[in-house]
Amino acid sequence: MIENSFVLIRVIPDILEKGRMYLDPGSGSFLLQILIATIAGAGIFLATYWRKVRDFFARKYGKKQDPQAAKKSKDE
Amino acid sequence: MSKVEKVPGSFRDPNGFLFKRNGGLFRQINTAYHENYDLLMGSGLYKDLVSEDLLVEHEESEELPVETKLAFKVIEPEKVPFISFPYEWCFSQYRDAALCTLGIMKHALDKGMILKDASAYNIQFLRGKPILIDTLSFEKYQEGLPWVAYRQFCQHFLAPLTLMALTDIRLSQLMRVYIDGIPLDLTSSLLPGKSKFNLGLQAHIHLHAVAQKRYAGKDIKQAAQERKMSKMALTGLISSLETTVKGLSWKPEGTEWADYYSGTNYTDSAFVSKKKLLDELIIIAKPKSVWDLGANTGIFSRVTSNKGIPTVSFDIDPAAVEINYLEARKNNEEYLLPLVLDLTNPSPAIGWANEERASFGQRAQVDLILALALVHHMAISNNVPLTSLAESFARLAPKLIIEFVPKEDTQVQRLLVSREDIFPDYHQDGFERAFKAYYEIEKALPIPETKRTLYLMGRR
């Protein structure tokens, strides 16, 4: 994490200054997408996490509680 | 010395460019792209994309580079028979092109690369499917960085698609005006209020437009230092764009065009006869390629495309082209390309020096023009003199199959209902006289049960 942040702090200004990108990403587009992507990425993270939690309980109690749901979860 | 010509549309990218030499099309890859090219080929990304028909196939070539000092390699990509532009695509073609771009981005991320641009002009239709034609669009992914092509994707794909779906299908034509995609503030102002309740559109169009305005010309280095974007966030962004694009739809039903398709102008047997006569003429003409002008939903274009003859099926009506494309897609028709084109105002040359994107006429490397039930629309609705029509067709292709529709025909009568008949030369003799100045008439076949005639002509 710390390492990643370090890479980013080093890389972003470097790229913005030297203009290695041949497209202009646009200042507003650059900042806004970080916001949207963070939310969307968190969504993906939560969905994955939720599926893991659900699968865990489905495996543990699935047969007793709701065989239908357990089957569906397994299929997914 | 062989003649070398740089392709005008590929000057923007410092990593390489396209050139033509001795009838072949090549791409010079510059040393600046060495590392990324090796990663594309070595990571398995190229192989994956080619096997899924998402990226054009190429071979490394022995051809000499054009700018030797910069050169790393020369490659020869598979040739796309007809280069089309976004303002010529119907809704579903545009949507498929957008999903193709996002699909490629996802594949690239899996292999540690990204798309460094998301230009709609990099997508072409090959064998009926959208495909990326720019092999130099990939670069190594650097963890933490936002997607450099996000703005371009929104302007080139999301904005036109949203406008077509939610405001008016004809707004795809704004792509003709704005070479780098439709500005998002303009898009935002043209969209209906309900689009703000769509999370994806609110974020990628409306908020995006506000952010662009707010940070226009501002130095964001400081702000950028404080933020980072993980790979999961980037995946989330692409997934959000994909969901937003998939959520857009447009159906030709319920439009002013809907009735247009409810009936044909022929009795069933006259229709069958026309198809049969066309088939006969095609067997005689043996064209290598065909442009069907005024093709409607492409019924007659399929007479040629079903014979394996590459056929571009043009029509002015985006609804007809949509129906045509969906049919072609459903049947995996590899030789048919439906496109939107207003023949009375065909695609002009646009972009830098008016050379970046070629005009309709400049792209004419076609063997035969098919002009069925078209003459009366050009000559009577649009006042184009018959000689001018003949001259234009003769400029496009050496062979012509054309249907003459006389004034006695109910369709022409309908066109004359609302206007004065100022066309004294519009009759079969006048038609033949006008066309004989440019063509030899090889066959003239009356269409049974109609007053129409089908001609096969060869350019003089």
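Two sheets in chain B

Q: What makes strand β10 (residues 290-293) and strand β11 (residues 311-315) of chain B a parallel pair?
A: Two strands pair if DSSP finds at least two bridges between them. β10 and β11 of chain B have four bridges, in the parallel sense, so they pair by that definition. One facing couple is B:D292 and B:S313 in β11(B). Strands here are DSSP runs of E, at least two residues; helices are runs of H or I, at least four; both are numbered from the N terminus.

The model is predicted: local features need pLDDT of at least 70, side-chain atom pairs count only at pLDDT 80 or more, and totals for chains, interfaces and linings use all residues. Residues are numbered from 1 along each chain as its sequence is written, and chains are lettered from A and ligands numbered from 1 in the order in which they are written.

Q: What makes β12 (336-340) and β15 (439-446) of chain B edge strands?
A: Each pairs on one side only. They end the order β12-β11-β10-β13-β14-β16-β15 of an open, mixed sheet of seven strands in chain B.

Q: How do you know that helix α14 (residues 386-396) of chain B packs on the sheet?
A: Contact means C-beta atoms, placed from the backbone, within 7 Å. Helix α14 touches β13, β14, β15 and β16 of chain B. Its direction makes about 140° with that of β13(B). Axes are lines fitted to C-alpha atoms, for helices over the stretch in contact; angles run from 0 to 180 degrees between N-to-C directions.

Q: Why is one side of β1 (4-6) and of β4 (58-60) of chain B left without a neighbour in the sheet?
A: Both stand at the edges of the sheet, each with a single partner strand. The order is β1-β2-β3-β5-β4 (chain B), with antiparallel pairing.

Technical notes:
Two residues are in contact if their C-beta atoms, placed from the backbone, lie within 7 Å.
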